[in-house]
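Q: Could we go through the empty spaces in this protein, and then some of its helix packing and backbone details?

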Amino acid sequence: MSYMLRAVILEQTWERQLQSIIRLCKEANIEEVLLKEVSSHLLPIPVQLDKHQRMANIYKQMAEQFHANRIVFSINIIMLVGHMDADLGPEYILPYQKFVGEDLREVHANYCILDETWQQYAAEICRAYAATKPDKIVIDDDFRSVNHTSEFGCFCPIHVRRTAERCGIELTAEQLLRAVSGYTAEDLRIKEAWMQVNFEGQLKAARTLRLAVESVCPHTRLGLMNSGEPSHSFQGREMDRLLREFAGDKRPFTRPAGGSYTDAVHGEMFRIHQVMALSKSVLGEDIQVVSEVENYPHTRFGKGIRTTRSQMELHALAGAENFTLNLYDYLTTPYDQEPDYRQLLIEEKERLRIIQEARKGKKMKGFGIPWEKDTALKQISRRGNIRDVMPEREFDIYFPQFGVPVQFVPAQGNLLFGDTAQCYDDEKLFGLLSGGLLIDGQALEHLQVRGFGRYLGCELLGRLDGPTVEKFGTSEFTGRFGGNMQATHWFETKRQGKVPSLVKAMPDAQVLSMLLDENLNELAPGTILYENELGGRIAVLTVPVTSFQFLHRCRAYMIAKIAHWLMKEESLPVWIEDCPNIGPIYYEDDNGEGLLGIVSGNIDSVEIKLHAEFKLFDLFTGESCEQLRMEPLSVRFFRTTKN
């Protein structure tokens with residue numbers, strides 16, 4: 001386990017910064033530095049090649065001192081494509097194809113990765129920095145085609161031309177955008193070609209940059225900082241393959257999205273772990289995954305020590321080997337102005353090592369929320385808005401908030417929502433329908449159209465696009481919340497092209513809730529349970545899911561009880577009952593030895609009601625734990641042993 005300090009170096013202050021960095025590394029036990037060449041607070045766009053050459057000369061001098069002090073010297077190229085557009089004068093504009101987002105206008109100074117002249121420019125930068133003989137060069141997360149000023153792209157002439165050639169048709173940028181946002185078979189064919197063209201271009205760029213580095217310094221590793229799995233899916237990226245292209249014959253290196261740039265509360269506490277854990281779940285075990293700890297925009301007004309500590313520990317739980325630290329600002333503010341960060345790093349090192357050691361050889365275990373990399377390809381917009389194509393993973397957060405642990409590969413009980421049903425062939429769907437399966441109205445429609453209606457417990461008749469409210473019935477699945485009414489938020493979801501499904505339950509299905517009109521007259525079932533002829537258990541939610549109508553105690557209790565029922569004989573390993581925003585993240589090895597993290601996104605101190613099939617021992621003290629109390633916005637870790 002090691003710390004990796006990310007630091008922006010300014011030409012005018014590098015000598016002072018060098019001594020300050022060395023001193024901090026010694027005091028806080030920081031083993032490695034990742035030097036960045038420009039402050040994105042000054043220039044958020046790529047710069048001329050001569051700037052990089054000057055920085056390489058500075059790095060070469062700094063490297064000597066780092067080596068002398070036994071600090072690993074690496075480079076983080078912060079600006080190749082551009083993090084954010086900026087309207088600057090012509091002297092700042094580079095002669096490459098500009099990025100084109102969903103507004104179909106070229107930005108001022110961010111560029112398209114597919115432009116081969118840009119790739120040669122980026123290769124020259126890599127060659128210049130490789131000459132300083134760093135341990136690794138890490139390309140920043142601007143190497144992507146989402147999250148620029150215009151968020152979704154790229155629809156530049158290169159992308160349009162190559163997509164048209166692949167499809168054997170003529171295309172304009174307007175037609176390409178409509179296809180990516182559309183839902184017909186022809187739209188999906190064009191969309192798939194666009195994603196393939198984009199990913200192949202990124203692979204070629206990665207190969208070009210790697211060969212440039214290897215031509216100068218063969219031992220230097222090339223890695224990538226990147227974003228989350230939904231954005232990779234949108235770009236058609238296979239991250240395992242892309243990282244290996246960057247690495248060549250060396251060990252691949254990645255720093256996935258880490259979340260929580262500011263103080264975290266409620267679901268954001270869980271997102272810290274879940275986003276990174278999802279990324280790790282799709283990668284090979286040989287890939288080095290490091291943590292993103294960034295307190296942007298680097299002010300204690302936005303993020304304090306408590307959240308920073310929790311983030312580091314949750315990333316260790318998710319499987320981070322090392323920790324990249326962007327705790328300090330991009331404008332050379334002296335490190336000693338924030339002594340609490342230094343003290344945090346000193347105190348946390350042993351705790352992180354203990355968590356990492358306990359995490360080895362274990363996998364997430366809980367209710368299944370499987371991830372399919374082609375989700376964005378299958379996901380369509382019912383209102384022609386490209387934003388709807390970006391996959392949503394809110395259930396990754398909701399289930400732990402409800403006290404239910406999850407895993408990102410199929411389990412005995414699984415979630416299948418929206419258009420993700422289209423990611424599975426018939427054989428895999430039969431497998432899911434033979435186990436436990438929670439679906440929504442959109443998945444219900446897909447399954448019914450594909451001939452699986454007899455296994456679902458209800459028939460889709462249409463839509464309910466008027467006022468609705470959901471009333472919970474009385475059963476073991478609703479407990480003391482039976483009789484509660486819950487808003488459907490129908491008027492807001494209707495604007496998104498989603499309304500509750502009108503279904504008819506089969507005679508032997510169990511209805512847990514009913515949809516009522518504004519006069520409280522019954523309209524149709526809201527939640528349905530069914531045991532089908534395959535031996536499977538099916539739960540159907542007919543109301544489109546939003547946080548507005550989902551994050552309530554009555555819903556949380558019902559979903560947790562449904563999850564138990566769907567898991568059948570396997571059961572959930574742990575459940576925290578009726579404690580809003582307090583939930584488990586659970587890892588287990590083949591011998592049944594586990595590591596349990598309990599996360600509180602609650603701002604109150606709460607005594608929790610824990611249901612578990614194992615005994616708990618505090619990870620750091622070894623003490624047995626019978627009763628648990630969680631302090632506000634905190635994380636606790638336990639070693640678990642089954643009886």
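The exchange below takes up pockets, cavities, helix pairs and backbone geometry in turn.

Q: Before we start, what kind of model is this?
A: It is a predicted model, in which local features need pLDDT of at least 70 and side-chain atom pairs count only at pLDDT 80 or more, while totals for chains, interfaces and linings use all residues. Residues are numbered from 1 along each chain as its sequence is written, and side-chain values use heavy atoms, with hydrogens and water left out.

Q: What is the volume of the second largest pocket?
A: The second largest pocket has a volume of about 670 Å³. Its lining has 27 residues, and those closest to its centre are Lys280, Glu285, Ala318, Arg359 and Lys362. A pocket here is an open set of points on a 1 Å grid over the protein atoms alone, with protein on both sides within 12 Å along at least five of seven lines, and lining residues have an atom within 4 Å of a point. Grid points are joined across faces, edges and corners, and the volume is the space filled by probe spheres set on the points.

Q: Which elements supply the lining of that second largest pocket?
A: At least two residues each come from α9 (267-281), α10 (305-318), α11 (339-359) and β11 (363-364). The most come from α11, with 4 residues. These elements are DSSP runs numbered from the N terminus: helices are H or I of at least four residues, strands E of at least two.

Q: And why does the second largest pocket lie between the domains?
A: Domain 1 (2-361) and domain 2 (368-376 + 407-569) both give residues to its lining, so the pocket lies between them. The domain bounds come from an automatic or database domain assignment.

Q: What about the residue classes there?
A: The lining of the second largest pocket has 12 nonpolar, 5 polar and 10 charged residues. Ala, Val, Leu, Ile, Met, Phe, Trp, Tyr, Cys and Pro count as nonpolar, Asp, Glu, Lys and Arg as charged, and the others, Gly among them, as polar.

Q: How do α10 and α11 pack?
A: They pack at an angle of about 25 degrees, with axes 9 Å apart. The two helices are therefore roughly parallel to each other, a label for angles under 35 degrees. Their crossing is right-handed.

Q: Switching to closed spaces, how many cavities of 30 Å³ or more are there?
A: The count comes to 4 cavities of that size, a cavity being a set of points where a 1.4 Å probe fits but cannot get out. The largest cavity has a volume of about 140 Å³. Of its 15 lining residues, Val8, Gln17, Thr332, Thr333 and Tyr335 are the closest to its centre. Both β1 (2-8) and α1 (14-28) give two or more residues to this lining, and the largest share, 4 residues, comes from α1.

Q: How is α1 placed against α2?
A: α1 and α2 (residues 49-68) pack at an angle of about 30 degrees, with their axes 11 Å apart. They are therefore roughly parallel to each other.

Q: Which residues are closest to the centre of the second largest cavity?
A: The second largest cavity holds about 50 Å³ of space. Among its 13 lining residues, the closest to the centre are Cys112, Ile113, Arg144, Ser145 and Cys154. A cis peptide bond joins Gly153 and Cys154, with omega about 15 degrees, and Cys154 lies in the loop between β6 (136-139) and α4 (157-167).

Note on methods: Axes are lines fitted to C-alpha atoms, for helices over the stretch in contact, and angles run from 0 to 180 degrees between N-to-C directions. Angles under 35 degrees count as roughly parallel, over 145 as roughly antiparallel, 65 to 115 as roughly perpendicular and the rest as oblique. A crossing is left-handed if the near helix is turned anticlockwise from the far one by less than a right angle, and right-handed if clockwise.
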